[in-house]
Amino acid sequence: MTAYITTPIYYVNAQPHLGHAYTTIVADTYCRFRRLCGDNVRFQTGTDEHGDKIVEAASRNNTNPRAYVDSISAMFRDAWKHLQITPDSFIRTTDEEHVRTVRSILQTVYDKGDIYFDEYSGLYCKGCERFLTEKELVDNKCPDHMVEPEEITEQNYFFRMSAYQQQLIDHIHANPEFITPERYRNEVLSFLSEPLEDLCISRPVSRLTWGIELPFDPGFVTYVWFDALINYLTGIGYPDGDNFRQYWEVAEHLIAKDILKPHAIYWPTMLMAIGLRPYSKLHVHGYWNVDDTKMSKSIGNVVRPADLVAQYGRDALRYFLLREMSFGLDASFGHETMIARKNSDLANDLGNLFSRSLSMVHKYRDGLVAAAGKREESDDLLIETAQRVLPAYRRHMARFEFHKGLQTIWELVSQANKYIVVNEPWALAKDEARAERLDTVLYNLVESLRLLSLTLGPVMPETAAKMSKSLGLKNDKRVTSLDEGGRWGVFPPGTTVGETGALFPREETPGKAKKAKPAAVSSKKKQKQIGEGLVSFEEFKKIEFRVGEVISAERVEKSDRLLLLKVRAHEERTVVAGIAEYYSPEELLGRQVLLVANLQPAKIMGLRSEGMLLAAKSEEEGKTKLVLATVSEPIKNGSSVS
Ligand code: ME8
C-alpha cells in the first residue's frame with residue numbers, strides 16, 4: 001500500500017517547541033510503522049513563512065523577514081534531525097515552486113468564478129491569522145491566544161466557500177474515517193450545521209507585503225492560510241508530478257485541534273473548487289499543556305524539545321510523548337512524570353530485561369544462542385503473550401492509538417521479566433543435567449528481545465537499532481519487517497550476540513531540571529554513571545521478603561511515631577515501625593504485611609527491631625500519606641515474596 005503523511009507546516013515566528021515536536025514525532029513514528037508493514041510511504045513537513053506574525057517577529061528581532069524565515073526554518077529542520085525524524089520532503093512556503101503553484105491555483109479558482117471582490121468587517125485574531133466569529137470567542141477573547149480580536153473593515157477578495165458546504169457535509173457523511181477521532185468529526189459537522197460564510201483570502205499590500213501576490217490584482221497578497229494549505233499539493237509536485245499522481249489519493253494530514261477548522265473546512269472546499277478529491281484522512285490530536293494551560297509561542301510557556309533531549313535522551317522523549325498522550329485528548333507535561341516513565345518503563349522494565357538476558361547468554365554460553373528445546377508451561381505463556389501482543393500492536397498503531405500499542409508491547413516486556421524469575425537461569429546453569437532447559441530459556445529471552453526491537457523501532461529507532469545490533473541482526477528483515485519478523489521463533493539459533501551496554505541510564509533527580517549534558521564523557525566514566533542507582537539482580541535477590549501477620553501492636557512510650565509490633569512470619573519477629581501517625585494499634589491486628597526479614601536487627605528507643613515493614617508513601621495536598629504494602633489475597637504466613 002501507499003501512504004502520504006503530512007504534519008502542519010509550522011509558523012516560523014518562533015523556535016520549535018514540544019507541541020510541534022509531538023506532531024512531528026507522531027508522523028515519523030507512523031511512517032516508520034507503515035514502512036515496517038511493507039508500505040511505500042512519503043512523509044512531508046515544513047515551514048509556513050508568510051503573514052503578519054512573521055513580519056512582526058522579524059522586526060522584534062531587528063531583521064528583515066527573508067533573513068528571519070531562513071534562520072528559523074533551519075532551526076525546525078535541525079530540530080527534526082536531532083529527534084531522529086526523517087521526512088522525505090521539507091517544504092517552505094517561500095520556495096519558488098510553491099509560490100508559482102499557489103498563484104496558478106488562485107487563477108484557476110478566480111477564472112471559475114469562485115473568488116470575488118467585496119468589503120468586509122470582522123474580528124481578526126493575529127495569533128490565529130484569521131477572522132473569528134462571535135461564537136468562537138470566550139469572554140470576548142480568542143480562546144487560544146487570550147486576546148481580544150481587532151475589529152477590521154477592508155475591501156478584499158473572497159473565496160466562495162459557502163458554495164461547497166453541502167458537498168462537504170455529504171463527503172463527511174459518506175466517509176466516516178475522513179476526520180478522526182470522532183469527537184472532531186462531530187465538532188466539524190456541528191459547525192457545518194450553521195450557514196458557512198465565504199472566506200477572505202487576501203490582504204491589501206498597504207497592510208501587508210510579506211505574502212504571495214494575487215495573480216489577478218497586484219494590490220493584494222494571499223491570505224496566509226490559503227497559501228499554506230496548498231503546501232500539501234506543491235510538496236508532491238501538483239499538478240503533473242509523478243509523486244502527485246502516486247500520493248495525493250492517500251494523503252493523511254496530521255494536526256492538533258487548534259487548526260481543525262482550516263483543515264476540515266477551508267481545505268476540502270478549496271480542493272473541491274480546484275477540482276480535486278479531498279485528502280483521504282485528517283488525524284486530530286489534543287494539546288500538550290503545561291500546568292493545565294496550552295503551551296504556545298504566544299503565551300510564552302514553552303518547553304523546548306532540544307532541552308528535553310539533552311536531559312533525557314531522544315528515544316526516551318519520543319517514548320514518553322507517545323506513551324503519555326491518548327491521541328485526540330490533551331495531556332500535561334511534567335518532569336516528574338517524564339522521569340518516572342523513563343526509570344520504570346525504560347531503565348527498569350526494558351533496559352534490565354535486555355542487559356540481564358544478554359549478559360546471561362554471555363556468561364553461560366559465551367554469547368552463543370542455541371536452539372530452544374522442549375516447551376514447558378512458562379514457555380507457552382511467554383509465546384502466547386508474544387502471539388497475542390503482535391497483532392494487537394499492529395491494530396493500535398494503525399489506528400493512531402500509540403499509547404495502547406506501547407502498553408501492549410509492555411505486556412511482553414513484563415512477561416519476559418517474569419519468565420526470568422520463574423525459570424531462574426542462574427540455578428539452571430549450575431546443573432549440567434538441565435543444559436537444554438537453559439538453552440531454551442535463553443533462546444526464548446533473545447527471541448522476545450528480537451520482537452521488542454522490531455516493534456519498538458518506529459517509536460525508538462535508535463534504541464531498536466542498538467538492540468538489533470546486539471542481537472546480531474542489524475538491518476536484517478527479521479528486525480525490519482513485520483511480515484518477515486512478526487512471528488515467534490524467527491531468531492536464528494547459532495547466532496552470537498554482541499555487547500550488552502545499558503539501554504537507558506536511570507534519572508536520579510526527580511523534579512530537578514538538569515543542565516545540558518556534559519559534552520564528552522569517557523567510556524569508563526559513562527559505564528560508572530550508567531551503573532549508579534541500579535542494583536544487580538544478584539544484590540536484589542539477597543533481600544528476603546516475607547508475608548507476616550500482625551499478632552500484637554502497641555504504642556511505644558514517649559514516641560508519637562513508633563509502634564511496637566509482633567509479626568508472625570516464618571517465625572515470630574518484633575518490629576518497631578514508624579507508622580503511629582498513620583495507623584492505630586487496633587487497626588493493625590490480624591493484617592498481613594510484607595516484612596523485610598533479613599535486615600540486620602537494630603535498637604530503636606531501646607527496643608530490638610528484627611525487620612522492617614514495606615509501605616508506600618506520597619505527598620498529597622501538602623500532607624504525607626502512608627499505606628502499608630500487603631498481598632492481594634490471604635496467603636500462608638511466612639510465604640516468601642519475590
Ligand atoms: O498553525 N500541543 O502553525 P503553528 C500539541 N502554520 N501540539 C501543538 C501545540 C500544543 N500545545 N502547539 C502547537 C500553524 N502544536 C500553521 C499551520 S498547516 C497548512 C499551517 C502543533 O506553528 C500542532 O500540530 O502554530 C498544531 O496543529 C501546530 O503545532 C500548529 O503550529
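Two strands pair if DSSP finds at least two bridges between them. Keep that cut-off at hand for the first exercises on this predicted model.

**Exercise 1. Find out how β4 and β5 pair, and what lies between them.**

Solution. Start with the bridges: three of them link β4 and β5, and the pairing is antiparallel. Since the cut-off is at least two bridges, these strands therefore count as a pair. Next, pick out a partner: Y124 has F131 in β5 as its bridge partner. Finally, look at the connection. The two strands form a hairpin with four residues between them, and in the turn E129 has a positive phi of about 55 degrees.

**Exercise 2. Follow the pairing from β4 to β6 and on to β8.**

Solution. Step one takes you from β4, residues 115-125, to β6 by way of ten bridges, with the strands running antiparallel. Along the way, Y120 stands opposite E154 in β6. Step two goes from β6, residues 150-159, to β8 across two bridges, again antiparallel. Here F158 is matched with C200 in β8.

**Exercise 3. Put the strands in order and name the edges of the sheet.**

Solution. Joining the pairs gives the order β5-β4-β6-β8, an open sheet of four strands with antiparallel pairing. The edge strands are β5 (130-132) and β8 (199-200), as each of them pairs on one side only.

**Exercise 4. Now turn to the ligand: which residues come nearest, and which polar contacts can you find?**

Solution. First, list the surroundings. There are 25 residues around the ligand, and I9, T23, D48, D258 and W288 come nearest. Then check the atoms one residue at a time:

- I9 has a backbone N or O atom 2.8 Å from a nitrogen atom of the ligand.
- D48 places a side-chain N or O atom 2.7 Å from a nitrogen atom of the ligand.
- D258 has a side-chain N or O atom 2.8 Å from an oxygen atom of the ligand.

Last, consider the cover: on its own the ligand has 670 Å² of accessible area, and the protein covers 96% of it.

**Exercise 5. Describe the pocket and the shell around the ligand.**

Solution. Begin with the site, which is the second largest pocket. Then name the elements that give two or more residues to the shell: β1 (2-11), α1 (18-36), α7 (224-229) and α8 (231-234). Of these, β1 gives the most, with four residues. To finish, sort the shell by class, and you get 13 nonpolar, eight polar and four charged residues.

Note on methods:
Residues are numbered from 1 along each chain as its sequence is written. This is a predicted model: local features need pLDDT of at least 70, side-chain atom pairs count only at pLDDT 80 or more; totals for chains, interfaces and linings use all residues. Side-chain values use heavy atoms; hydrogens and water are left out. A residue is near a molecule or strand if one of its heavy atoms lies within 4 Å of it. A polar contact is a pair of N or O atoms within 3.5 Å; within protein, one must be able to donate a hydrogen and the other to accept it, and residues adjacent in sequence count only if both atoms are side-chain atoms. Accessible areas come from the Shrake-Rupley method with a 1.4 Å probe; for residues, only the protein chains shown count as cover. On a 1 Å grid over the protein atoms alone, a cavity is a set of points where a 1.4 Å probe fits but cannot get out, and a pocket is an open set with protein on both sides within 12 Å along at least five of seven lines; lining residues have an atom within 4 Å of a point. A molecule sits in a cavity or pocket if more than half of its atoms lie within 2 Å of its grid points. Ala, Val, Leu, Ile, Met, Phe, Trp, Tyr, Cys and Pro count as nonpolar, Asp, Glu, Lys and Arg as charged, and the others, Gly among them, as polar.
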